[in-house]
Amino acid sequence: MKSSASSRSLLVLSTWFFVLGPSLGPGPSFVPSPGSLDGGQGTKDQARTTDQERTKHQAPSTKDQPWFGTWQQVPPSKKWFDPWPYQKVTLRIEPWDDGLRVVYDMVRRRGGVTHIEWTGRFDAKDYPVQGVDYVLTNAYRKLSDRSYEIVVKVDGRDAAVATAVVSSDGRTLSVETTEHDAKGRPVTTTANYQKTVSNA
């Protein structure tokens, strides 16, 4: 299990990736366990199974979706690190086959760049995140025309749930993420992004 610092460092950005390293500063430890995020494993499994059955025969169209494009994170007003460890965080979401590709490029204060990618579909199935040295998966589920859910797992265990919502004017993407700390208490963070480039 990764350190508490690495857990929070990623939640500040959102859960398309998880854990950047233990040197970023203090934060809560998450202790993921089956069903810990929604009060019961059976309920979540049933919902995701239903979603998989629905999307198996009719996968959601991802063409011209409002989240496609390039986004830049707005540094949070409440910082979990002092100073905020990044010069710039850029998020690119683009079509891929019948799904999507999510790419993060994070420029640290001293110029180092971290590159992380996720490719998958809106079928509530676990797809691996590339660019980390442990087993991390994200499962995407479309909620509406402007929102979707991400279930994050580390080493096959539930770690967090995020909800991403695009504003009605299409200019802002907000990602609210909930994990649980070492005492089982929910910890919620929000990352906001402004669109800089729309998908052609």
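**Exercise 1. In which sense do β1 and strand β10 (residues 186-198) pair, and over how many bridges?**

Preliminaries: this is a predicted model, in which local features need pLDDT of at least 70, side-chain atom pairs count only at pLDDT 80 or more, and totals for chains, interfaces and linings use all residues. Residues are numbered from 1 along each chain as its sequence is written, and side-chain values use heavy atoms, with hydrogens and water left out.

Solution.
- Step 1. Fix the terms: helices (H or I, at least four residues) and strands (E, at least two) are DSSP runs, numbered from the N terminus. Two strands pair if DSSP finds at least two bridges between them.
- Step 2. β1 and β10 are joined by six bridges, in the antiparallel sense.
- Step 3. β1 is also antiparallel to β2, with four bridges.
- Step 4. Take Q72 as a marker: T90 stands opposite Q72 in β2, and Q194 stands opposite Q72 in β10.

**Exercise 2. Place this pairing in the whole chain.**

Solution.
- Step 1. The protein chain has two helices and ten strands, in the order α-α-β-β-β-β-β-β-β-β-β-β from the N terminus.
- Step 2. The ten strands close into a barrel, ordered β1-β2-β3-β4-β5-β6-β7-β8-β9-β10, with antiparallel pairing.
- Step 3. Neighbouring strands of this sheet are turned by 25° against each other on average, direction ignored. For such angles, axes are lines fitted to C-alpha atoms (for helices over the stretch in contact), and angles run from 0 to 180 degrees between N-to-C directions.
- Step 4. Contacts are heavy atoms within 4.5 Å. Of the contacts in the protein chain with a separation of 6 or more, 47% come from residues 24 or more positions apart.

**Exercise 3. Classify the ring pairs W67–Y148 and W118–Y127.**

Solution.
- Step 1. Rings of Phe, Tyr and Trp (its six-membered ring) pair if their centres lie within 6.5 Å; planes under 30 degrees apart count as stacked, over 60 as edge-to-face and the rest as tilted. The structure holds seven aromatic pairs.
- Step 2. For W67 and Y148 the centres are 5.0 Å apart and the planes are at 80°, so this pair is edge-to-face. W67 is in the loop between α2 (41-57) and β1 (69-74), and Y148 is in strand β7 (residues 147-154), 81 residues apart.
- Step 3. Both W67 and Y148 are buried, where buried means under 20% relative accessible area, exposed over 50%, and partly exposed in between (1.4 Å probe, protein chains only).
- Step 4. For W118 and Y127 the centres are 5.9 Å apart and the planes are at 85°, so this pair is also edge-to-face. W118 is buried because its relative accessible area is 1%, and Y127 is buried because its value is 15%.
- Step 5. One aromatic cluster is formed by W67, W118, F122, Y127, Y140 and Y148. Within the sheet, the bridge partner of Y127 is N138 in β6.

**Exercise 4. Is each of the positive-phi residues D97 and A124 buried or exposed?**

Solution.
- Step 1. Most residues other than glycine have a negative phi.
- Step 2. D97, in the loop between β2 (86-96) and β3 (99-108), has a phi near 50°. D97 is exposed because its relative accessible area is 61%.
- Step 3. A124, in the loop between β4 (113-120) and β5 (126-130), has a phi of about 65°. A124 counts as buried because its relative accessibility is 3%.
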